[in-house]
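Biologist: I should like to go through the terms used for this structure and hear what supports each of them. Please set every value against its criterion.

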Amino acid sequence: MKDFKLAEPKSLLQAAAFLAGSEGRATVIAGGTDLLGLLKEGLVEPESVVDLATVPGLDALRMSRDGMHLGALLRLTDLAAEPTVRQAFPVLHQAVNAVGSPQLRNMGTVGGNLCQRPRCWYFRDAQTVCRKKGGGLCYAVMGRNRYHAILGASVCHIVYPSDLAPALISLGARVTIVSPKGERTLPLENFYALPSVDVRRENVLEPGELLSEVVVPVPAPGAKSVYLKFMERGAWDFAVVSAAAAASLSGKRVDDIRLVMGGVAPIPWRLEAAESALRGKPLTEASIRVALVEGFKNARPMSENAYKVDLAKAVAGRALAALTART
Amino acid sequence: MNAKVPRKTRALAGGRSPRRRPQAAAAPAAPQPPEKFRLIGRRTPRVDGRLIVTGAAPFTHDLRFDRLLHGRILRSPHPSADVVSVDLSPALAVPGVKAGIVLLAKGRVRYAGQPVAAVAALDENTAVEALKLAKVEYTVLPFVVSPDKARDASAPQVLDKPNVQPLDERSRGDVAQGFAAADAVVEKTYRTSWEVHQPLETHSSVADWRGDRLTVWDSTQAIHNVRDQLAQALDIPASRITVIKHYMGAGFGSKLELGDYTVAAARLSRLARRPVKIVLDRRENSTCVGFRPDCVMTVKAGAKKDGTLTALQFTNYSSGGTGEGDGSSEPLYDLYQCPNVKVQEFQVATNACEGRATRAPGHTQGTFALEGALDELAAALDIDPLLLRVKNLSTKNEGGTGVPYSSKNLDRCYRLGAEKIDWSRRNKKPGEGQGLIRRGLGMASQIWYGGGVPGTQADIVIYRDGSVEAVCGTQDIGCGTRTHMALVAAETLGLEPEDITVRIGETAYPWAPVSGGSLTSPSVAPAVRDAALKAAEALKKTAAAKLKIPVEDVVLAGKKLSSAKDPSQSLSFAEAARTFRHEAVFHGERAPWTAGFAYNTFGAQFAEVEVDTETGKVKVVKVVAVHDVGRILNPITAESQVLGGVTQGLSAGIFEEKLMDGVTGRMVNPNLHDYKVATTGDTPEIVPVFVDVPDDKVNNLGVKGLGEPPRIPASAVIANAVYNAIGVHVREIPMTPDRVLRALAGKEKRS
């Protein structure tokens, strides 16, 4: 690991100004559960590391008319412990509890979870210069791709590993981005960008920009939501596939629904075709099956990951079924 | 029949051919073990347990010395290449770098990760960054990392001979006749994957060269091997080397020999005139220090309607990378009564690193294949798989054609296990259950060696103040050796375990074999027992003289020596010790086996699983593990061996696989996230059960080893339970969701 300078900003603006001035030679640390691995493997070699923990108030959770505000530095353990989250945002509560292990949740933060780098083993191997690192090949295509993308991949076949992202997108969350030029907000689902946009990164953050807050609208009364994560192991694993479903139902009939998959594409993947197929219809075994055939009809598996299509359908189907099963 | 036994298995079976051993053991009968003990067999917490769990026990990683340097190794990124030149000077010029050596100046690299050079610096990070500046020129060559592809005639040649080499060939009877006589024959191919040992403590050494003396603290299962091989590697007398291993963070077979990092640390220490420590990181530990060879095994099995086996045929292609493959036919050749057997095994070279012995080398893979095939045969015959095993029980080795086993209580294992799992709950026809989640029960048998190594030595030292030391040059790989030595010494000397100071883990102490192959307890405990019996005899003699009573009348118990006839006449243990002129050393040795028998351990495991037929996820609900390993020294440490072995087998059965990339030739999952080891979230209820009947022929305590046995059937038993649940055998481990779903899809197609 290369030596680096540690910057301890006292405000968000200071942090953003420092980042903007570093011309890409600085990186941000929140909980560090991802960054430390990247540093140790030599995948990032920043001159400076900007510690957001020194910015007061970034770890707050508060309610407003817009909904629930989650500070970027909010610890996952604290988010999980919040009674409002358990009561009003089940999909988020289930997602945060599915992250890593208690130790990782103690250190991990909301912002860090949303900005983590992919787990693709070719990306994580410093000796392999793949597309994402400026090389000419996506090694997964010819190589080992058991966990890689079945949807949305073109030049790069990573899957986005976050548990929180699909859950928050299913709830229609927005993110606030701060830079020396000011603030902007956008829906979380527009925060992520496909490799075809820029293969080197997974989101739309420009140099000098920081994710400062997530705002989650309060679901309508009676709304249902569910997060299901399929891991190979019983603990400490990223999702092979995961499904976040949030819906307003009249009895069994779907008034509105969002179905967002994790682990299947380079970004959290909304199954819009499945959503439209379900809108206005009752949630039944048959309607779910039809909707998921629709939702995955563009799946393009590779040599070792065709099983993920069946797996994703199974997990999505169970999440949808659970919307009516749970109270 | 000229059977070639792989070196790895030979070493673990006690240093000689396991098949020839019964004939080779020509010696007087071993002393009979007594029936009843006071301490041995009692649940005794580890004497060093508190030290270990509080972090006070010094592992090799923890060692700190004045002027210590930290070494790092430069490794080839190419799986196959010729080194043209190595220029270390830019690395040596980095401030803080104190010494550097070239390990491979010219010559062939045969796996990605092979050492090329090493430096020692004031801290590890400096060494890492300095090595990035070293200039190595390679001529990159074609390579092959897939064992299947390496078998192609067109594949690049890995070693100086063709990739496929014979490993073992043997037979008895006539298999053609046997199959002709069978009512049912199945023939199936079973595959196991490369499995990495992943000890919690990565491989590490500290070398300190002072004058002409070298001291090495090494994370090893074999201090004496390391000393002797180091003497050869460095061309210095073995007498000038001391190797020390006080606490061990596991090895599972990967630490049975001298490591190249140890040689590098020693050479760097000699150059720098300072102690040098090299600790491999997890990536190095995953890629450069061995793995369990994979096996592609075809089993053909034939039986009569009533289950009587008529013939077994076995072929195996096993790749140990640049090292030996694993012969995996031994369970099939030995365990069940069967007159006609034919075995052919081959090893396949690949540009992976050198495979190494891994907890029960060959037996785990062979058991997965054999026990899987027997379950498929039982289904073809429509009989209970347990009955099939019982039907073919043998009392002699080599399938009933060899010499008698010294003791074998496998039938009791079957009975106890079937009762504890409630075997009647199994699907009578595999896969007959309904629903998304299918339940199933399976069982599998186990055979291993575990008789220990004759010639193992230990000392009991009685100091004049009555304090006692038990000393042995063994190393505790984690099974509780210190506790076992304390128990045996205290038992024999009428003391308590805490009265015994145990010293182990230094080559200066009396010789003991490697800690591997289930050798430690049946080697070390009898040697300690022998020494302690001699000490007891001497104490009784001196007490008899002091008390003026015949020596036969002296009883050594409760920390004193007293007259059996008149207990009021007594001498405390310390008073008796004071009659010695100086501390007294009693030398003990583990005696040879009683000749004419085969010394093996046996067991049977039973598992209950749930298989999600939509996601392919296998969840193990319960494992009952019944083992017949002679007398149990300490139920706590014995159970702990079983919990570890079952968990490891479960992990290999469902999760673990070293995945190689065909384009780069490198392992893609060299870390503990992507190389998946079972977590507590995956660990089921495990019920250890012991037959606990002493083997009166094996040694003076009747104990056998338990390191390997619980690991051997632990993957097979889960695969068989999955078969019982879903009605299709997943013939490849680990049984990852993709493989389970593929097997299920294949079943749908067939039906």
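**Helix packing and a small sheet in chain B**

Modeller: In this predicted model, helix 19 (residues 635–654) of chain B packs against helix 20 (residues 714–726) of chain B at an angle of about 55°, and their axes are 7 Å apart.

Biologist: Why is helix 19 of chain B called oblique to helix 20 of chain B?

Modeller: Roughly parallel requires an angle under 35 degrees, and roughly perpendicular requires 65 to 115. The angle here is about 55°, which means that helix 19 of chain B counts as oblique to helix 20 of chain B. The crossing of these two helices is right-handed.

Biologist: Which residues make the contact between helix 19 and helix 20 of chain B?

Modeller: Helix 19 of chain B contributes Gly645(B), Val646(B), Gly649(B), Leu650(B), Ala652(B), Gly653(B) and Ile654(B), while helix 20 of chain B contributes Ala714(B), Ser715(B) and Ile718(B).

Biologist: How do you know that strand 20 and strand 21 of chain B pair?

Modeller: Pairing requires at least two bridges. Strand 20 and strand 21 (residues 560–563) of chain B have 4 bridges in the antiparallel sense, so the two strands count as paired. Among the bridge partners are Ala557(B) and Lys560(B).

Biologist: What makes strand 20 and strand 22 of chain B edge strands?

Modeller: The open sheet has 3 strands in the order 20-21-22 (chain B), with antiparallel pairing. Strand 20 (554–557) and strand 22 (570–572) of chain B each pair on one side only. Helix 17 (residues 520–547) of chain B lies across strand 20, strand 21 and strand 22 of chain B, at about 125° to strand 20.

Definitions and conventions:
Residues numbered from 1 in each chain as written. Chains lettered and ligands numbered in written order. Predicted model: local features only at pLDDT ≥ 70, side-chain atom pairs only at ≥ 80, totals over all residues. Heavy atoms only, no water. Contact = heavy atoms within 4.5 Å. Axes fitted to C-alpha atoms, helices over the stretch in contact; angles between N-to-C directions. Parallel < 35°, antiparallel > 145°, perpendicular 65-115°, else oblique. Left-handed = near helix turned anticlockwise from the far one by under 90°.
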